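User: Could you take a close look at the aromatic side chains in this one for me? I'd like to know which rings pair up, and what sits around them.

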Amino acid sequence: MAQYGSGDNSDYTIDFDSLQSVLNLMSSAQEADHDNREKAREAHLFVDKRDGQWEPYWWTNNVGKPRYTFDQVNPIIDQVTASIELADFDIKVSPMSGPASKETAMVIDGLVRNIESISRAKDIYVNAGRGMVTTGYDGWMISHKYSDPQSFDQDLVIEPVANFIDRVWFDPASYLQDKSDAQYAFLLHAMSVQEYVKRYPEGSQASVSIDREGDAYYDKGQVIVVGQLFYVSQEAVELVLMSNGAVYSIDDDFKKVKDELTLLGIEEVRTRKAYKTKVYSRFFDQTAWLEDEEETIFDRIPIVPLYGNFKIVENKTIYWGVVEKLLDPQRVLNYSLSREIEEGALAPRAKYWMTLTQAAGHEDALATLNTNSDPVQFYNVDPEMPGAPMQQGGAQVNPGLRTISESMRQIIGQTAGMFAASMGDNPGLQSGVAIESLQSKGDNGTIKYFRALEAAIAATGDILVKAIPKVYDAQRTVRLLYEDGSSEMQVLNEPIIDQQTGEIVTLNDLTKGQYAVACRAGPSFRNRQQETIETIIEIAKVDPSIIGMAGDILLNAIPTSAATQISERKRLQMMAQGLIPQTQLTEEEKAQMAQSAQGQEQQQDPAMVLAQAEMAKAQAEQMRAQVEVQRLQLDTAKIQLEAQKVQMQMQADQATQQLDAFNAQTNRMNTQIKAQQAGASIEKDTVDTQGKQIDNQLKIVSALNPFRSQI
């Protein structure tokens with residue numbers, strides 16, 4: 001169950017266990033975005049369908065007339081998409097809070113780039129970008145799969161979502177451009193009948209609604225459309241921050257390892273209550289659930305939308321691509337040019353007008369006037385018609401149509417923000433500066449599509465960074481990919497013993513700390529290489545010493561194998577001259593320099609080298625002894641800890657025995673006291689009886705006293 005708003009009103013509660021409730025929810029999401037989707041579909045058909053750039057009514061009712069298409073829109077889409085393809089969209093991970101570190105951020109950064117590489121994310125981004133430029137709406141999704149059929153290791157993967165317009169529907173109450181605030185979303189899958197029956201043999205084969213008002217294509221395979229629901233659930237949890245920076249949920253798993261963490265010196269720092277977000281997934285058709293719900297590893301919907309011209313107006317998400325505003329001028333252009341061609345083709349050809357007297361005797365030559373190559377044409381002088389025969393008539397094109405056509409060409413360019421220079425045209429033969437100025441002006445109209453891609457790719461990075469600690473949670477070796485294309489293998493979650501403290505430290509622990517994600521668009525790495533070469537050369541013209549200080553960098557930026565080899569030789573030379581700072585040397589280069597220095601020392605003074613070797617050996621033995629002592633100290637500490645445990649247990653047993661003895665003694669004393677109290681009561685009764693007897697005797701004596709005096 002998921003609840004929105006406050007109070008107990010059932011109208012605010014969505015029952016994700018009820019199929020009918022989910023179907024109603026999907027229908028509402030489709031209805032809320034129906035108008036946007038119809039415009040997006042129209043834009044898609046306009047550029048992709050063969051007769052799409054004509055209004056259906058005009059196309060159908062003008063069969064037999066010229067209906068030509070002079071496509072000015074696809075080149076604009078190609079130009080914007082090409083700019084996207086030539087750019088690099090780089091996800092950058094940086095430490096944000098907690099025990100996050102730059103080193104771990106670099107590991108996560110390299111891992112994210114490797115995920116993009118194995119997913120061929122560049123192609124996914126470009127294809128989705130083209131869809132966004134065309135229709136205003138596209139995107140992709142993120143999933144996790146086994147890295148190998150014979151392995152238990154899993155990897156995160158970025159996957160394309162074909163036909164995004166018809167397949168993905170988001171919570172209409174979400175307002176963020178990346179839909180990270182969406183509480184639910186629907187992803188529709190078109191399965192073949194054979195695949196459906198294989199996966200769901202008990203299913204009804206009833207497709208869910210895709211919210212289309214008719215089909216543009218009819219020769220298609222038979223499919224069954226199945227829905228996949230993603231929804232967010234929030235659960236109250238108590239979090240604990242440990243002294244090593246790790247954060248855990250206080251649950252049964254944490255309680256099992258709490259004692260072990262204490263033995264390792266890892267203590268609780270503080271706790272707080274929070275809400276843990278989980279995303280669940282479930283498949284359904286029009287009549288029944290097809291699978292049980294499944295908990296995913298994500299804490300937000302793992303589908304990333306890509307919006308062009310994203311806006312929120314009247315609490316409604318609206319969007320459009322470059323095509324929507326070009327529909328009308330392109331259709332008018334097609335119509336006006338087709339009419340121009342039609343009128344030109346039907347207009348009579350130009351004719352020579354002459355009298356019979358002028359033509360007499362020259363009929364054969366005049367009959368071949370359009371085909372012969374004679375340099376002159378003779379005619380007879382006619383006094384009644386002085387002068388040579390005149391050519392008159394010919395095709396007359398409606399000047400209004402020509403004006404309309406030229407106007408539509410200008411409107412298309414202005415509406416798209418793409419000028420002649422942006423399209424590679426230079427009709428006025430402007431200077432290079434003028435062309436760059438016009439191209440920059442054209443970029444102003446297309447930069448919004450780059451910004452949209454940046455937002456979507458940044459959202460992708462955020463999903464990956466939050467899911468990575470859950471997928472890559474065991475000790476394993478992964479590939480890290482860097483910006484320049486180089487890579488290295490790195491071990492994640494590797495436990496080692498700190499020799500100084502004796503504590504177990506986990507290297508490359510991706511669960512520690514919080515990390516921020518950003519995406520920036522810029523020139524491709526190859527373009528930046530060219531810029532580096534040009535910049536260094538320009539600086540070297542002013543300061544030639546730059547070549548000596550940066551020769552290896554300059555040569556390394558040239559993308560050829562020969563330049564790379566020369567760069568390596570130049571760098572070795574610069575290392576020998578001490579021109580490269582220690583901070584810019586790699587670990588391998590530092591080791592090479594150390595070996596070189598050691599070799600020089602051996603050549604200079606063998607006795608000194610022998611003495612240094614003996615000293616190094618002694619230091620190594622001393623370090624080995626220190627390590628052994630530390631190991632013994634650690635073992636002794638463990639033994640003492642076990643002894644303390646045993647002693648504490650013995651003390652606890654002794655305390656228990658003493659308490660039992662004290663309780664027994666107390667019971668005996670209580671029994672004795674009760675017996676003494678009973679004896680004292682009897683003695684009191686006896687004393688009282690004796691006292692009464694004495695009183696009686698005294699009374700008798702008192703009574704006899706008068707008689708004694710008489711006697």
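Analyst: Here is a walk through the ring pairs, followed by the cores and a few single residues.

Keep in mind that this is a predicted model. The chain's mean pLDDT is 80, with 77% of its residues at 70 or more. Two stretches deserve some caution. Residues 1-10 stay under 50 in pLDDT, and the model gives them 16 contacts beyond four places in sequence. Residues 707-711 are also below 50, and that stretch has 1 contact beyond near neighbours in sequence.

For the overall layout, think of 19 helices and 21 strands. Of the 711 residues in the chain, 32% are buried. If you take the contacts with a separation of 6 or more, 66% of them are between residues 24 or more positions apart.

Now to the rings. Searching the whole structure turns up 17 aromatic pairs. One of them is Phe89 with Phe450, a stacked pair with 6.1 Å from centre to centre and 25° between the planes. Phe89 belongs to strand S3 (residues 87-97) and Phe450 to helix H14 (residues 432-471), so this pair ties together parts 361 residues apart in sequence. Are these two rings buried or exposed? Phe89 is buried, at a relative accessible area of 11%, and Phe450 is buried too, at 13%.

Tyr137 and Tyr307 make another pair, with ring centres 5.3 Å apart and planes at 35°, so this one counts as tilted. It also links distant parts of the chain: Tyr137 is in strand S4 (residues 137-146) and Tyr307 in strand S12 (residues 303-307), 170 residues apart. Tyr137 is buried, with just 1% relative accessible area. Tyr307 counts as buried as well, at 4% relative accessibility.

Some rings go beyond a simple twosome. Phe16, Tyr184, Phe186, Tyr231, Tyr280, Phe284 and Trp289 are joined by ring pairs into a cluster.

Rings also have charged company here. Over the ring of Phe283 sits the charged end of Arg199, 5.5 Å from the ring centre. Trp320 has Lys325 over its face, at 4.9 Å from the centre of the ring.

What about the nonpolar packing? The largest nonpolar core has 63 residues, and Trp140, Leu156, Val322, Val323, Ile468 and Tyr472 are the ones with the most contacts inside it. Helix H14 supplies the largest share of this core, 14 residues. That is the helix that carries Phe450 of the stacked pair.

Leu156 is a good place to zoom in. Setting aside its neighbours within four places in sequence, Leu156 touches Ile115, Ile118, Ser119, Ser143, His144, Ile297, Phe298, Leu464, Ala467, Ile468, Val471 and Tyr472. Ile468 and Tyr472 were already named above as residues with the most contacts inside the core. Apart from this core lies another, of 19 residues, including Ile165, Ala182, Val279 and Tyr319.

Thr134 is worth a stop too. You'll find Thr134 in helix H6 (residues 121-135), where it counts as buried at 7% relative accessibility. Its side chain reaches back to the backbone oxygen of Arg130, at 2.8 Å. Beyond its neighbours within four places in sequence, Thr134 is in contact with Ala43, His44, Val47, Ile77, Gly321, Val322 and Val323. Val322 and Val323 are on the list of residues with the most contacts inside the largest core.

Last, two backbone oddities to check on your screen. Arg120 is not a glycine, yet it has a positive phi of about 55°. Look for Arg120 in the loop between helix H5 (102-119) and H6; it is exposed, with a relative accessible area of 58%. Gln205, again a residue other than glycine, has a positive phi near 65°. Gln205 sits in the loop between helix H8 (193-199) and strand S8 (223-242), and at 42% relative accessibility it counts as partly exposed.

How values were computed. Residues are numbered from 1 along each chain as its sequence is written. Side-chain values use heavy atoms; hydrogens and water are left out. Rings of Phe, Tyr and Trp (its six-membered ring) pair if their centres lie within 6.5 Å; planes under 30 degrees apart count as stacked, over 60 as edge-to-face and the rest as tilted. Helices (H or I, at least four residues) and strands (E, at least two) are DSSP runs, numbered from the N terminus. Buried means under 20% relative accessible area, exposed over 50%, partly exposed in between (1.4 Å probe, protein chains only). A charge sits over a ring if NZ of Lys or CZ of Arg is within 6 Å of the ring centre and within 35 degrees of the ring normal. A nonpolar core is a set of buried Ala, Val, Leu, Ile, Met, Phe, Trp, Tyr and Cys residues joined through side-chain atoms within 4.5 Å. Contact means heavy atoms within 4.5 Å. A polar contact is a pair of N or O atoms within 3.5 Å; within protein, one must be able to donate a hydrogen and the other to accept it, and residues adjacent in sequence count only if both atoms are side-chain atoms. pLDDT is the predictor's confidence in each residue, from 0 to 100.
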